[in-house]
Structures are given as C-alpha cells and as structure tokens.
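Student: I would like to go through the labels given to this structure and ask what stands behind each one.

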Amino acid sequence: MHKIILLVLSSLIFTQIAAQEEDLLTVNSIPLDLRIKSNAVVSFDNIQIEILDYNKFVYTNKRIITVFNKEGDYKIGAYRHYDENINIQDLEARVYDSSGKEIKKFRKNDFKDVSAVPGGTLYSDSRVKYLDYTPISYPYTLLFETKVVYNSTAFIPSWRPIEGYYISTENAEYKITNSTQIPLKIKTSNFEEYAIEKVSDYHFIAKNLKSIEPESFSPDFKTFAPYLKAALTEFDMEGVKGVNNTWEDFGLWMNDKLIADTQELPQNVKNTIHQLTLNANSDVEKAKIVYQYMQDKTRYISVQVGIGGWKPMLAEDVDRLAYGDCKALTNYTQALLKEVGIASYYTIIYGDDKLLDIDRDFSATQGNHAILCLPNNDDYIWLECTSKTSPFGYNANFTDDREALIITPEGGKIVRTKVYHAAENLQEMLANIFIDATGTVLGEIKIQSKGAQYGDHEGIQNKTIKEQELYYKNNFWDDLNNLEILKMNFNNNKDSIVFTEDVNVKISKYGSKAGERLLFQPNVFNKLTVTPPRYKNRKLPFVIERGFTDKDTYQIKYPNSLQVEAIKKPVSIQNKFGSYILSISTTNNIISYKREFILHKGSYSKEDYQEFRTFLLSIKKHDNSKIVFNTKT
C-alpha cells in the first residue's frame, strides 16, 4: 500500500514538474515586465555542481531561454568547452515556437565541434561544441541540457544571475554540493540589491530580475550586477595539485610548480646577453637592453595547451623557436634578466582596455594575461612582452591602473600597476594656419602625444600611406569636409615615449560665406564633436577611467582683404570633472588661439551625470564658436 501511495505521489510530482516546464516553453507565460527592453528572457536556469574530490567535479545545467530578436541569439548559451580533462557526457537542445510546440531537436553529435581559441593561436587542446541554429521566426524558446565531468578543479564555474545587458531572468538557481573535506570559498557581489535568496552557504535562487540597459560611461558590469565566484582551497590544475588559502600560497604554488623549472637558457644565449649588457651603467639600462633583445628576437603566437594554458613554455624552446604566447615571452624575458642579475616578477593580470582588477579579496585562478614586473626602488617597471614595438616600461591602455598578482619566490602579492594621470596623458597640438578670402584653409600641424595618448596615436606609423590618409579623414578629423592630406611625417621617440606627427593639410571652403562676411571656426583640428546622451532617469553610476590633457596652440594668419569683426571672449571653466580654458586674440593679421582641456579620472554617482554632461556640452559649444570676418571693399 505504501509503495502504491509513493508511486502515485511520485507520478503526481513528475506530472506537476512537467506541466510547469511546459508552461515555461510558451512566450505568454513570461511576465510582461521581464519582456520590456529585453532581447531575451531566461525563464529557467538550474546549475548544479557536485565536487567529488580535489580534482573532480560534475556540472549539470538545464536552461530555458526565449529569444525575441536577432540581438538575443547570442545569449542562448548553448555551448560547452572540453579538452582531455573535460568530458561532455550529455548535450541536448530543443527549439520551440511561441506557442510551445517543438520544432527542432539537437543531440550531442548535432552540435558544431571547433577549436575554442582564435585563428591566431598556433595550437591548442581546447575545443567547444556549440549549437548552430538559424531561427525561422521570432520569438522562439530553447531548452538546453548538459552534463559535464571536469577532471580539474582550478576553474569552478561562476554565476551571473543577470547575464548581461538587455536580458532578463525569471528563475535561476545555483547550487554546489561539496562531497569532500576541502574547504570551499564563495564570494558574492551585489546580491542584496537584487534580493537574491540564500538557501544555504552554497545554494542561491534568483527570481524576476529585470534587464539592465547600458548607459554611457557605465562601470564594468560585474561591479553593479549580481555575481558569484567559487574556489577550492586545494585544487588540481591538469594533474598539478595546488593550494589556495591566500594569494601568498597561490602565488607560491605558481612559482614552485609552474615557473621554477622552465627558465634554463642555452649557453650561447647566456654568453650573448652578458656581452650585450657588459657596458651598461645601471640595472635599468641592462633591463632595457634585455627587453630590446627579446623584442628583436621573438614574436607573439598564442599557445594554449596543458595545465589550463597557465604553465609557460620552456625558455630554451622560446629561444629556439623565436616565438611564444604571453606566458612564454614573459617567462623568457624573466630568465634573460635573471641571467644578468636583475630580479623580476612574473605577473598575472587582466589585459583589457577597460580597467579590470584581480580581486585581492578572493584568491583563485583569475586573469587572462601575463606581463613582467621589475622592482625599481619603491616602485615597479612594467614590461609588455608580447609587443615588438612597445617602449620599455610602457603599459598604458591595456594593463595600466589595475590590481595584478606578482609571483615572488615568497609567494603571491597583489599590487597596482602604473596609473597614468591626466597630466601624463598629454596631447599637444601646434598649428600654423592660413585662411584665404574664400574660406580655404592651409594648415601645418604638429601633434605630440604622451602617456595613454601615445598609445592612441603611435600605431599609425605602421599603416600604409593610404590607410594613414583615411585615418585622418575618416577618424581623427572626420568632422572636416573637403580635407586633403598634403604631407605626413612621423617620429617615434621610444626613449622619452613621445610620438610626433607632422601633417600638412588643405581644407577647401572651410570658412562659410554669409553675404559680405566670412564665418570661421578657429578650433580647426581638435573640436569636441560628441557628447554623452541625455537620460531622463539614469540608473547607473558612471566612471571616467582615464583622464587626459589636450593643449592646442594655433597661429592663424589671414589676408589683408579680411578684417575681424567679432571674436569670442576668454572662457575658463573648472569643476570636479576637469577644466577648460580658451583664449583668442588678434594682432597684425594673426589670430592667436589657445585651448586647454583637462579631464580627470574618477568614479561618480548617477546624480552627477547631468552636471558632467552639461560640462561637455559647454565645451562642445565653445569649440564650435566662430570668428566673424568682414570682407574689406
């Protein structure tokens, strides 16, 4: 009798779950407020992680997502990575129309199977199976189910209940079952703001999370959206056991297990590097010579195999092959420096134009890039070893101003990379300009760029002449109609890290005729043309990640047939975001135009945004101000 009752109850529960799941497959079941401003809605996402040992866990996922338009297609998440240590056991997807009718089914062998890394990678053992589905109509719903066995525990999957912009979440669940005695670390961010339920230490449920719209100058998504990461204090990375209680012991593991046995150099290389540095007067001069030697000898090629792509190639192999990835080239440079008695630290970092930090409060396998750190008195010199052209010690725009993990013989340590302040990120523009009575302009411009602005400019020297001309016409001076490039010359001073552009131009009909008057904008070459959009109800704070300074000095000559009728008065604006100073004067048929615009880096509340926008709008207005010439009769 009891068995019959249990069977009936089990049948009822199964029927109830099946009915709930079937309901989730229809578009009408999705609450209206979750559909608003959403390209897709995750109706159901259940992630279960079972940790079986320090070197093994099982990941299962059942996911239902409804896609409303083409922009939502890339959100379906129907893919799984694998390699020799990651075994995909189950993989299935079903596609339903808006009414919940199944229209397509995909089994494991129906998924595309490709390399998981870009074409620029020389070789890699990482692959991915992904669903290649072209919708016949919108909306459609996808049910995706997978089970994967990981024989390496260095990367416990994280959780993002809101997966990005323009995607809502109706129901999401994340649960880790730890069957071992190894402590498991969890860190959650922004859960309270989104009312995410904590069922237990390793079990969380999220419901009815509305989509988030991107806003101009928004901070990194992870800083304000809910995010969870997990890590074992003892883990396995492809056969190498690691310890991860703190950054110190994680770094010690990296030093002893991943790096220590990889830095032996051939004897002829040792002899060469000693000879090259024989007459150097300081350790910094020695390091410059070594860095140049590495740049001249090697080139970057991505290599992602073995130990999760974390262990560098042998230094002697890099020397023999003359190539390597970021790990290999960083390690090779460190080995060369060690040979001439200079200490340096292999460094893990997030390489990106956005400022992304290694989380100093949560030791784990973080980062996507390796660079080299040289102690220099109370500071550090940072070397980007994948570039054949970067100046010694230059790291703006990709690894600047962020928390990084340096690997020392005593263990790991979190330090901040170089911050390039507004005064360092300097662009100085000097121009001699002649305007004739028809409004045509001839200009000789010298642009000197430093700091982060050096990195924005120096790449032009490597382009073809046609590409250089198009850069000026379509990018740098895209607001100038009828622009002709007459001459270009570039100088890259890598010692002082200054890039100089000398450009001669002609702009037909730049000035506009208005009867007997000629209207002329004196800021010919550095106008602020774009300002942030307006928001009636901004929801996110905003950040200025890098400050800068622009200084413009123009000498504008005009013929005797013209005389100045009206000229703009001086302008001076200063606030917490920066400053803007403008002065225009005229004497003996020469207009002297001086402009300085400084923008400070900083993080600000959403309430500050309108003031910031007003600041930029005022600069745009002043930049577009005109001088009125009268034509002499």
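The dialogue below takes up salt bridges, cysteines, a helix and the nonpolar cores.

Student: Before the labels, what kind of model is this?

Tutor: This is a predicted model.

Student: What makes the pair Lys229 and Asp359 a salt bridge?

Tutor: A side-chain nitrogen of Lys or Arg has to lie within 4 Å of a carboxyl oxygen of Asp or Glu. For Lys229 and Asp359 the N to O distance is 2.8 Å, so the pair meets the definition.

Student: How do you know that this pair links distant parts of the chain?

Tutor: Lys229 is in strand S14 (residues 227–232), while Asp359 is in the loop between strand S20 (345–349) and strand S21 (369–376). The two residues are 130 residues apart.

Student: Are Lys229 and Asp359 buried or exposed?

Tutor: Buried means under 20% relative accessible area. Lys229 has 16% relative accessibility and therefore counts as buried. Asp359, at 13%, is buried too.

Student: Why is the contact between Glu403 and Arg416 called a salt bridge?

Tutor: Their side chains meet at 3.5 Å, N to O, and the cut-off is 4 Å. Glu403 is in strand S23 (residues 403–408) and Arg416 in strand S24 (residues 411–416), 13 residues apart.

Student: Which burial class does Glu403 fall in, and which does Arg416?

Tutor: Glu403 has a relative accessible area of 10% and is therefore buried. Arg416 has 38%; that value lies between the 20% and 50% limits, so Arg416 is partly exposed.

Student: Which residues are linked with these two in a network of salt bridges?

Tutor: The network also includes Asp357, Arg360, Asp401 and Lys601. The structure holds 34 salt bridges. Another of them joins Arg94 and Glu92 at 3.1 Å, N to O, and Glu92 counts as buried because its relative accessibility is 19%.

Student: How many disulfides does a search of the whole structure find?

Tutor: The search finds zero.

Student: Why is Cys326 not bonded to the closest cysteine sulfur?

Tutor: A disulfide needs two cysteine sulfur atoms within 2.5 Å. The closest sulfur to that of Cys326 is in Cys385, 9.5 Å away, which is too far for a bond. Cys385 accordingly is in no disulfide. Cys326 is buried at 11%, and Cys385 is buried at 1%.

Student: How do you know that the length of helix H5 agrees with what its 15 residues should span?

Tutor: Helix H5 covers residues 283–297, and at 1.5 Å a residue the expected span is 21 Å. The expected span takes one less than the number of residues. The end C-alpha atoms of H5 are 21 Å apart, so the two values agree.

Student: Which residues of H5 are buried, and what do they pack against?

Tutor: The buried residues are Ala287, Val290, Tyr291, Tyr293, Met294 and Gln295. They pack against helix H4 (267–276), helix H6 (315–321), helix H7 (326–339), S21 and strand S22 (379–383).

Student: What makes a set of residues such as the one with Trp159 a nonpolar core?

Tutor: The members are buried nonpolar residues joined through side-chain atoms within 4.5 Å. The largest such core has 66 residues, and Trp159 is among those with the most contacts inside it, as are Ile49, Leu131, Leu142, Tyr174 and Met254. Helix H3 (residues 247–259) gives the largest share of this core, six residues. Apart from it lies another core of 54 residues, including Tyr472, Leu518, Ile544 and Ile627.

Technical notes: Residues are numbered from 1 along each chain as its sequence is written. This is a predicted model: local features need pLDDT of at least 70, side-chain atom pairs count only at pLDDT 80 or more; totals for chains, interfaces and linings use all residues. Side-chain values use heavy atoms; hydrogens and water are left out. Buried means under 20% relative accessible area, exposed over 50%, partly exposed in between (1.4 Å probe, protein chains only). Helices (H or I, at least four residues) and strands (E, at least two) are DSSP runs, numbered from the N terminus. Contact means heavy atoms within 4.5 Å.
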